[in-house]
Amino acid sequence: MNEEPLTKTTQFAKKVYEVLKSVPSGRVVTYGDVARVLGNSCYARAVGNALHHNPKKGEIPCHRVVNGKGELAIHFAFGGLKGQQSMLESEGVWVENGRVDLNKFQYKGL
């Protein structure tokens with residue numbers, strides 16, 4: 001088997017990062033939203049894995065991704081749940097009890 005080293009960004013991860021760059025400040029998307037854009041809603045877990053290895057925190061807004069219930073990532077790569085919450089709140093996204101109101105903040109433009 002010819003596996004790519006973890007230090008290199010896979011083609012799939014690059015596609016995930018490009019999708020996220022289109023999500024505006026103050027909005028969130030779900031892992032499933034990104035997976036659907038990439039062609040298969042079953043890719044949601046792979047999307048999460050790609051985000052966990054985000055090489056460019058300031059450039060790729062992985063903090064704008066939540067689960068299908070609007071919940072933040074407990075193991076968010078840049079400061080855990082509190083780090084993600086802080087980044088979202090700095091953009092005007094309200095977080096209550098570790099959750100974002102998808103009816104109010106979900107970006108539908110993907």
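How far apart are the mean positions of the positive and negative charges of the protein? In this predicted model, the mean positions of the 15 positive and the 10 negative charges are 2 Å apart.

**The whole chain**

Begin with the whole protein in a cartoon view, where five helices and four strands can be picked out. Followed from the N terminus, these elements come in the order α-β-α-α-β-α-β-β-α. The radius of gyration is 13 Å, close to the 13 Å that the globule rule gives for 110 residues, so the protein is as compact as a globular protein of that length. If you turn the C-alpha trace along its principal axes, the spans to look for are about 45 × 25 × 20 Å.

Switch next to a surface, which exposes about 6,700 Å², with carbon and sulfur atoms supplying 49% of that area. Buried residues account for 39% of the 110 residues. With contacts displayed, and counting those between residues at least 6 apart in sequence, 61% join residues at least 24 apart.

**Helix α4 and what it packs against**

Select residues 80-90, which form helix α4, and colour its buried residues: Gly 80, Gly 83, Gln 84, Gln 85, Met 87 and Leu 88. An α-helix has 3.6 residues a turn, so residues three or four places apart point the same way. Now add residues 65-66, 95-96 and 99-100 to the selection, since these are the strands β2, β3 and β4 against which the buried residues of α4 pack.

Within this helix, centre the view on Gln 84. Is Gln 84 buried or exposed? Its relative accessible area is 0%, and Gln 84 is therefore buried. Once neighbours within four places in sequence are set aside, the residues in contact with Gln 84 are His 63, Val 65, Val 66, Leu 72, Ala 73 and Phe 76.

Move along to Gly 92, just after α4, where the backbone takes a positive phi of about 90 degrees.

**Two aromatic pairs**

The structure holds two aromatic pairs, and both are worth showing as sticks. For the pair formed by Phe 12 and Tyr 43, the ring centres are 5.7 Å apart and the planes stand at 90 degrees, so the arrangement is edge-to-face. Phe 12 belongs to helix α1, while Tyr 43 sits in the loop between α2 (31-37) and α3 (44-52), so this pair ties together parts that are 31 residues apart in sequence. Phe 12 counts as partly exposed at 25% relative accessibility, and Tyr 43 is also partly exposed, with a relative accessible area of 34%.

For the other pair, select Trp 94 and Phe 105, which are again edge-to-face, with 6.0 Å from centre to centre and 70 degrees between the planes. This pair links distant parts of the chain, because Trp 94 lies in the loop between α4 and β3 and Phe 105 in helix α5 (residues 102-105), eleven residues apart. Which of the two rings belongs to a buried residue, and which to an exposed one? Trp 94 counts as exposed at 60% relative accessibility, whereas Phe 105 is buried, with a relative accessible area of 7%.

**The loop between β3 and β4**

From Trp 94, step along the chain to Asn 97, which is found in the loop between β3 and β4. Most residues other than glycine have a negative phi. The phi of Asn 97, however, is near 55 degrees, a positive value in a residue other than glycine. Asn 97 is exposed, with a relative accessible area of 78%.

**Helix α3 and the segment before α1**

Go next to His 52, which lies in helix α3 and counts as partly exposed at 43% relative accessibility. If residues up to four places away in sequence are not counted, His 52 touches His 75 and Ala 77. A C-alpha to C-alpha distance drawn from His 52 to His 75 should read 8.5 Å, although the two are 23 residues apart in sequence.

The tour ends at Thr 9, in the segment before α1 (11-20), where a relative accessibility of 26% makes Thr 9 partly exposed. Draw a last C-alpha to C-alpha distance from Thr 9 to Val 47, which lie 38 residues apart in sequence and 13 Å apart in space.

Technical notes
Residues numbered from 1 in each chain as written. Predicted model: local features only at pLDDT ≥ 70, side-chain atom pairs only at ≥ 80, totals over all residues. Heavy atoms only, no water. Helix = DSSP H or I, 4+ residues; strand = E, 2+ residues; numbered from the N terminus. Rg over C-alpha atoms; globule rule 2.2 N^0.38 Å. Buried < 20%, exposed > 50% of the residue type's maximum accessible area, 1.4 Å probe, protein only. Contact = heavy atoms within 4.5 Å. Areas by Shrake-Rupley, 256 points an atom, 1.4 Å probe, with all protein chains shown as cover. Lys, Arg positive; Asp, Glu negative; His and termini not counted. Charge placed at Lys NZ, Arg CZ, Asp CG, Glu CD. Phe/Tyr/Trp six-rings, centres within 6.5 Å; stacked < 30°, edge-to-face > 60°.
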